[in-house]
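The following explanation proceeds from the overall fold to the individual helices, the loop and the contacts between distant parts of the chain. Please keep the sequence and the three-dimensional view at hand while reading.

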Amino acid sequence: MGRKAGLIRVNPKKFAPAGKPCLKEMVTFLNCLALNQNSDEKCVQTRNAMYACVEAQKTQAKKNPYKTLNYHLQRLSKGIK
């Protein structure tokens, strides 16, 4: 469940981003497909919006592991011992 650093337990899921980044675009695209009997030609605009959102999420900078809370807690617990 949580990672252990000394006597402190931290749940990394608690610090994760709250929402799903492209959920609105995906639901809009799927609704468009459902309304148009899975005709992709009629849903080009919503498909492009969803693809743009996904590509934007891919290009975001990856999280540096040296800046995480658990990394610093582990470093501090090693110094205490």
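A residue is called buried when its relative accessible area is under 20%, exposed when that area is over 50%, and partly exposed in between. Arg 9 has a relative accessible area of 60% and is therefore exposed. This residue lies in strand β2, which covers residues 8–10. The model under discussion is a predicted one.

The protein chain contains 3 helices and 2 strands. Read from the N terminus, its elements follow the order β-β-α-α-α. The chain has 81 residues, of which 19% count as buried. An unreviewed UniProt entry lists residues 20–56 as "domain: IMS import disulfide relay-system CHCH-CHCH-like Cx9C". Over residues 20–56, the chain is 70% helix and 0% strand, and the C-alpha atoms at the two ends are 13 Å apart.

Consider helix α1 next, which comprises residues 23–35. Its 13 residues reach 18 Å from the first C-alpha to the last, close to the 18 Å expected at 1.5 Å a residue. Which residues of α1 are buried? They include Phe 29, Cys 32 and Leu 33. These residues cover an arc of only 100 degrees around the axis, which places them on the same side of α1. The periodicity of an α-helix is relevant here: with 3.6 residues a turn, residues three or four places apart point the same way. The face of α1 turned away from the buried side carries Lys 24, Ala 34 and Leu 35, which are exposed.

Helix α1 also contributes to the nonpolar surface. Leu 23, Met 26, Val 27 and Leu 30 make a nonpolar surface patch of about 330 Å². Membership in such a patch requires over 30% relative accessible area. Leu 23, which lies in α1, has a relative accessibility of 42% and therefore counts as partly exposed. Leu 30 is likewise located in helix α1, and its relative accessible area of 45% makes Leu 30 partly exposed. Leu 30 can also be related to a residue further along the chain: Cys 43 is 13 residues away in sequence, and the two C-alpha atoms are 9.2 Å apart in space.

The loop between α1 and α2 deserves attention for its backbone geometry. As background, most residues other than glycine have a negative phi. Gln 37, which is not a glycine, has a positive phi of about 50 degrees. Asn 38 also has a positive phi, near 60 degrees, and is a residue other than glycine. Gln 37 is placed in the loop between α1 and α2, and so is Asn 38. Are these residues buried or exposed? Gln 37 counts as exposed because its relative accessibility is 65%. Asn 38 is exposed as well, with a relative accessible area of 63%.

Side chains of opposite charge can pair when their charged atoms come close. A search of the whole structure finds 1 salt bridge. The side chains of Asp 40 and Arg 47 meet in a salt bridge, with an N to O distance of 2.7 Å. Asp 40 has a relative accessibility of 28%, so this residue counts as partly exposed.

Helix α2 spans residues 44–59. Its 16 residues should span 22 Å at 1.5 Å a residue, and the end C-alpha atoms are 22 Å apart, which agrees. Thr 46, Met 50 and Cys 53 are buried in α2. They cover an arc of only 60 degrees around the axis, which puts them on the same side of α2. On the other side of α2, Gln 45, Lys 58 and Thr 59 are exposed.

The final part of this account concerns residues distant in sequence. Helix α3 comprises residues 69–80 and includes Leu 69. With a relative accessibility of 43%, Leu 69 counts as partly exposed. Leu 69 and Val 10 are 59 residues apart in sequence, and their C-alpha atoms are 8.4 Å apart in space. Arg 9, introduced at the outset as a residue of strand β2, offers a further example. Arg 9 and Leu 73 are 64 residues apart along the chain, with their C-alpha atoms separated by 9.4 Å.

Conventions: Residues numbered from 1 in each chain as written. Predicted model: local features only at pLDDT ≥ 70, side-chain atom pairs only at ≥ 80, totals over all residues. Heavy atoms only, no water. Patch = residues over 30% accessible without salt bridge, like charges linked within 9 Å, V, L, I, M, F, W, Y side chains within 5 Å. Areas by Shrake-Rupley, 256 points an atom, 1.4 Å probe, with all protein chains shown as cover. Salt bridge = Lys/Arg side-chain N within 4 Å of Asp/Glu carboxyl O. Helix = DSSP H or I, 4+ residues; strand = E, 2+ residues; numbered from the N terminus. Buried < 20%, exposed > 50% of the residue type's maximum accessible area, 1.4 Å probe, protein only. UniProt positions renumbered as here; feature names shortened; annotations may be inferred. Expected span 1.5 Å × (residues − 1). Arc of directions from axis to C-beta.
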